Amino acid sequence: MTEFFQGIAPIAHEGPDSTNPLAFHHYNPDEIVMGKRMEDHLRFAVAYWHSFAWEGNDPFGGQTFERPWHPQDRMTTARIKADAAFEMFDILGQPYFCWHDADIRPEGDTFAESLRNFEEIIACFEEKMSTRKVRLLWGTANMFSHRRWMGGASTNPDPDVFAYSAATVKTCMDATMKLGGENYVLWGGREGYETLLNTDMGRELDHMGRFLNMVVDYKHKIGFQGTILVEPKPQEPSKHQYDYDAATCYGFLQKYGLENEVKLNLEQGHAILAGHSFEHEIATAAALGVLGSIDMNRNDYQSGWDTDQFPNNVPEVALAYYHILKAGGLATGGTNFDAKLRRQSLDARDLIAAHVGAMDVCARGLKAAAAMLEDGGLEDALKERYAGWDTPEARAMLNSDLDTIFDKVNAGAITPSPRSGRQEILENYVNRFV
Ligand code: XUL
Ligand code: CO
């Protein structure tokens, strides 16, 4: 036991009338929503990196947090960090967590030493998981922090870095499989460029496509049953990242023959950076058949960078879950809180309260989304708006050609009559539920 969370009891559902800040007011894991337990819809995960590895630094200032597991460059403190992490999982009772290799182990002097450290911590996780319900939603490799990755991982101009990336991902996939992980994520923070002046974009894209094919081949070789996920983000840390948004990723997957093998892990803040809404990214991925999982957080709409705040906007979250429910749910995916405290939120209590509040916001969003879907108002409006396409003549047009269509239009048989899109009426409808 660490002392870190001392005095904080496991969080219970006390209902909307409770004023206890460390209780769930809306998240009630066993409550049935559209025929399924709330916990099984939302599939919450804690992100190890933001909660336990990030030390409160920002571009203008260093560490603000002082944790019992600092400094993080030794195995003894990595174990204390793991103890604290699993204590928090016990307090929150969320079903999943996620890690990068670099968040959980200290970097060694050589690849082999880093791997030994990593495997020791994975064994420690395995032991802790054997007596608990908490499971691994996904593992991933941090191929962006260490200076070796400054020019990219699989897209690095140096083949030695490509090799290091391949070896690193292999170890992270092995560990993910060992812990029964349900997905494996690749986020390419530095798979892009700082300047086109020194970048051969076509070659880098080909290398990234080849790399992802190796990842998929390895998944099949080891019999990993989870889903491989790519996480779109348009920029930051690189000026431009190749996995810009859901649509760009889909084009990339298709070009390299991976659209049936790889899905997407969509993050709210990344959608905002790309100039989209979160529901836009979810609806795009769903329409293209590549909706995988979500990283739930919130960006500051004024600051223009990836602030990774805990979610607190119920109407936005409701629309995100609306599109997820419509698409049939998250399957092997989940809701990973890729979110960090503000750097002045120093206390263990802040970390717990941030997750409790976020889980409540998501529960409210899910319930609102389910209520809208069950009421059917938006779906009815959609049906009506596209009703013209229900006729056999309209459908046949899709299999015809420009000449045939021209003949009909030119003969005066077809004259469009514009109808209202009813946007305000639909926005008012949504407002009834959120
Ligand atoms: C960075 C980000 C990552 C990925 C995993 O913006 O979202 O934490 O989720 O590498
Ligand atoms: Co993320």
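These are my notebook entries on a predicted model, written as I looked things up.

**Entry 1: the barrel**

I began with the strands. I found a closed barrel of 8 strands, which runs 3-4-5-6-8-10-11-12 with parallel pairing. From one strand to the next, the twist averages 30°. I reminded myself that strands of a sheet pair through backbone hydrogen bonds, either parallel or antiparallel.

Then I looked at one pairing in the barrel. How many bridges join strand 3 and strand 12? Strand 3 (residues 44-47) and strand 12 (residues 335-337) are paired in the parallel sense over 3 bridges. I noted one partner by name: Phe 44 has Thr 335 in strand 12 as its bridge partner.

**Entry 2: helices on the sheet**

Next I asked which strands helix 12 touches. Helix 12 (residues 348-375) packs on the sheet and touches strand 3 and strand 12. Its direction makes about 150° with that of strand 12.

I looked at helix 7 (residues 201-222) as well, and saw that helix 7 lies across strand 6 (183-186), strand 8 (227-230) and strand 10. Helix 7 runs at about 160° to strand 8.

**Entry 3: the cobalt ion**

I turned to the metal. Which residues are the protein donors of the cobalt ion (ligand 2)? I wrote down Glu 231 (OE), Glu 267 (OE), Asp 295 (OD) and Asp 338 (OD), lying 1.9 to 2.1 Å from the ion. The site of the cobalt ion (ligand 2) is octahedral, with angles of 81 to 171° among its 6 donor atoms. Along the sequence, the donor residues follow the spacing E-x35-E-x27-D-x42-D.

Two of these donors link distant parts of the chain: Glu 267 sits in strand 10 (residues 262-267) and Asp 295 in strand 11 (residues 291-295), 28 residues apart. Are they buried or exposed? Glu 267 counts as buried at 2% relative accessibility, and Asp 295 is buried too, with a relative accessible area of 0%.

**Entry 4: two histidines**

I picked His 100, which I found in strand 4 (residues 96-100). His 100 is buried, with a relative accessible area of 7%. Leaving aside neighbours within four places in sequence, I listed its contacts: Trp 49, Thr 140, Ala 141, Asn 142 and Phe 144. I also checked how far His 100 is from Asp 158: they are 58 residues apart in sequence and 23 Å apart in space, C-alpha to C-alpha.

His 355 was my other choice, and His 355 lies in helix 12. At 0% relative accessibility, His 355 counts as buried. What is His 355 in contact with, beyond neighbours within four places in sequence? My list reads Val 46, Ser 51, Met 88, Leu 92, Phe 310 and Phe 337.

**Entry 5: cysteines**

Last, I looked for disulfides, and the structure holds 0 of them. Why does Cys 249 not form one? The closest cysteine sulfur, in Cys 98, is 18 Å from the sulfur of Cys 249, too far for a bond. A disulfide needs the two sulfur atoms within 2.5 Å. For Cys 362, the closest cysteine sulfur is also in Cys 98, and at 14 Å that is too far for a bond.

I checked the surroundings of both cysteines too. Cys 249 counts as buried at 1% relative accessibility, and Cys 362 is buried with a relative accessible area of 0%.

Conventions: Residues are numbered from 1 along each chain as its sequence is written. Chains are lettered from A and ligands numbered from 1 in the order in which they are written. This is a predicted model: local features need pLDDT of at least 70, side-chain atom pairs count only at pLDDT 80 or more; totals for chains, interfaces and linings use all residues. Side-chain values use heavy atoms; hydrogens and water are left out. Buried means under 20% relative accessible area, exposed over 50%, partly exposed in between (1.4 Å probe, protein chains only). Donors are N, O and S atoms within 2.8 Å of the metal (3.2 Å for Na, K and Ca); water is not among the atoms, so sites may look incomplete. Four donors count as tetrahedral if all angles lie between 85 and 135 degrees; four count as square planar and six as octahedral if opposite donors are over 155 degrees apart and all others between 65 and 115; anything else is irregular. Helices (H or I, at least four residues) and strands (E, at least two) are DSSP runs, numbered from the N terminus. Two strands pair if DSSP finds at least two bridges between them. Axes are lines fitted to C-alpha atoms, for helices over the stretch in contact, and angles run from 0 to 180 degrees between N-to-C directions. Contact means heavy atoms within 4.5 Å.
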